[in-house]
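Open the model in your viewer and keep the sequence panel beside it. The tour goes from a whole chain to its partner and then to the packing between them.

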Amino acid sequence: MCLTEGEDAGKASKLFEAMEESFEADEIPWNNCASLSVDNTNAMVGKQTSVASRFLQKNPNIFIGGCPCHLAHITASHANDAFSNAISTNVEDVCIHCFYWFDQSTKRKGKLVDHYKFCDQDYQSVLKHISVRWLSLERCTVRILKKYPSLKAYFLNEHFADERFRRLNR
Amino acid sequence: MLEPALFFSQAAISIFTNFNLLLQREEPTVHILKASMEHLGKNLATRIIKPTVLRGISSISDIDLTDESIFIEPKSIFLGGTTKATLNRLLSEGDISQHKYDSFHKGAYLYFKDALQYIQNKFPIKNEVIHNSVWVDVEKRGKPTWSNIELFLLKNSNQTCMEGVNNDKVIEEFVD
């Protein structure tokens, strides 16, 4: 499995060492290695001293395949930044703030339930958007849009001096 | 501006989600990667680039994004039916100004342009292995040329499994 542990477990040298040991233990010649498919971190596919560069030193014909899904995620993130700067509203920030506004407060959730009832909607919690989880933004935006009337009513009717609340209330 | 921004994000992100879902599977996908990347790029390009320009290009890497004349005017960009309707409602009800309405269109334009730019710069669209691996797809075995196969024979000629392989026989099998 080439698992590594310890403080340097994520370093390219340590990862490559574990892989090389595995190659040697199974008597796999480097010539037989056709491709390496990894994620796109510097430790993996960086031009110098990465796992990929070490593989290429062993066999220059190896095809290094980065992760296209990861690239799509970063593309969407870049595009969202450009859009947000132009309209001065960041959907990603709204999703994050909205989740944390209700996350740890039973009182706020209770108030939100009242607004759900008022708007004749069933209660569903705000989903957590994690920026490193591929495209979780879509699910979060869908949930917020679904509950938009209740959430809008909540933020228009409540009053807090909190910075997070002011951002959501804009 | 939040409501139309949410609608726009929802519609725009689904373009990327489709790409991701297509490639997240157990089976190898290297043979569909090139076409998928091109499809994703073209899907984004159709939102901001004039159809007459797109008709003349074979790959999204051929699009010159520095040429401003190829772009559709920001106000004419297709934002999605719900987004546009929400934006128009907010404008007619006076909730947003004409300036904000225009900024939204400009933002949408930048969204697609930046995404396209990133794809051109970072995606392995011109990678020769990905380009030539179309022959892996059994359904498209009739389409590849010998050069698609030759690359893999040359690249992997040192492998143990390739010892004693006669290229002439491989050509014969390919032609058959």
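What percentage of the 176 residues in chain B do buried residues make up? Buried residues account for 24% of them. Keep in mind on every stop that this is a predicted model.

**Stop 1: chain B as a whole**

Select chain B and colour it by secondary structure. Chain B contains 8 helices and 0 strands, and its order along the sequence reads α-α-α-α-α-α-α-α. Turn the C-alpha trace of chain B along its principal axes, where the spans are about 75 × 35 × 25 Å. The radius of gyration of chain B is 22 Å, whereas a compact globule of 176 residues would have one near 16 Å. Of the contacts in chain B between residues at least 6 apart in sequence, 64% link residues at least 24 apart.

**Stop 2: the domains of chain B**

Colour residues 2-125 of chain B as domain 1 and residues 131-175 as domain 2, following the domain assignment. The C-alpha centres of these two domains of chain B are separated by 37 Å. Where they meet, 5 residues of domain 1 of chain B are in contact with 5 residues of domain 2 of chain B. On the domain 1 side, the touching residues comprise 3 nonpolar, 1 polar and 1 charged.

**Stop 3: the domains of chain A**

Now select chain A, which is divided into domain 1 (12-66) and domain 2 (89-169). Between the C-alpha centres of domain 1 of chain A and domain 2 of chain A the distance is 44 Å.

**Stop 4: where the chains touch**

Show both chains and select the contacting residues: 38 in chain B and 32 in chain A. On the chain B side, helix H1 (2-23), helix H2 (30-48) and helix H5 (98-122) are the elements that contribute two or more residues. H1(B) provides the largest share of that side, with 14 residues. The chain B side is made up of 21 nonpolar, 12 polar and 5 charged residues.

**Stop 5: the nonpolar cores**

In soluble globular proteins, nonpolar side chains tend to be buried together. Here the largest nonpolar core has 51 residues, and B:Ala108, B:Tyr111, B:Phe112 and B:Ala115 have the most contacts inside it. At least two residues of this core come from each of helix H4 (68-87), helix H5 (91-103), H7 and helix H8 (148-157) of chain A, and from each of H1, H2 and H5 of chain B. H5(B) gives the most, 10 residues.

Centre the view on B:Ala108. Leaving out residues up to four places away in sequence, B:Ala108 touches A:Phe83 in the other chain, along with B:Phe8, B:Ile77 and B:Leu79. Another core, of 7 residues, lies apart from the 51-residue one. Select A:Ala12, A:Leu15, A:Val51 and A:Phe55, which are among the residues of that other core.

**Stop 6: A:Ile144**

Finish on A:Ile144, which sits in helix H7 (residues 136-146) of chain A. Why does A:Ile144 count as buried? A:Ile144 is buried because 24 other C-beta atoms lie within 10 Å, and 20 or more are enough for that class. Setting aside neighbours within four places in sequence, A:Ile144 is in contact with A:Cys95, A:Cys98, A:Val126 and A:Leu151, and across the chain boundary with B:Leu6. As a last distance to display, take the C-alpha atoms of A:Ile144 and A:Gln124: these residues are 20 apart along the chain, and the separation is 9.7 Å.

Conventions
Residues are numbered from 1 along each chain as its sequence is written. Chains are lettered from A and ligands numbered from 1 in the order in which they are written. This is a predicted model: local features need pLDDT of at least 70, side-chain atom pairs count only at pLDDT 80 or more; totals for chains, interfaces and linings use all residues. Domain bounds come from an automatic or database domain assignment. Two residues are in contact if their C-beta atoms, placed from the backbone, lie within 7 Å. Ala, Val, Leu, Ile, Met, Phe, Trp, Tyr, Cys and Pro count as nonpolar, Asp, Glu, Lys and Arg as charged, and the others, Gly among them, as polar. Helices (H or I, at least four residues) and strands (E, at least two) are DSSP runs, numbered from the N terminus. The radius of gyration is taken over C-alpha atoms; the globule rule is 2.2 Å times the number of residues to the power 0.38. A residue is buried if 20 or more other C-beta atoms lie within 10 Å of its own, exposed if 12 or fewer, and partly exposed in between; C-beta atoms are placed from the backbone. A nonpolar core is a set of buried Ala, Val, Leu, Ile, Met, Phe, Trp, Tyr and Cys residues joined through C-beta atoms within 7 Å.
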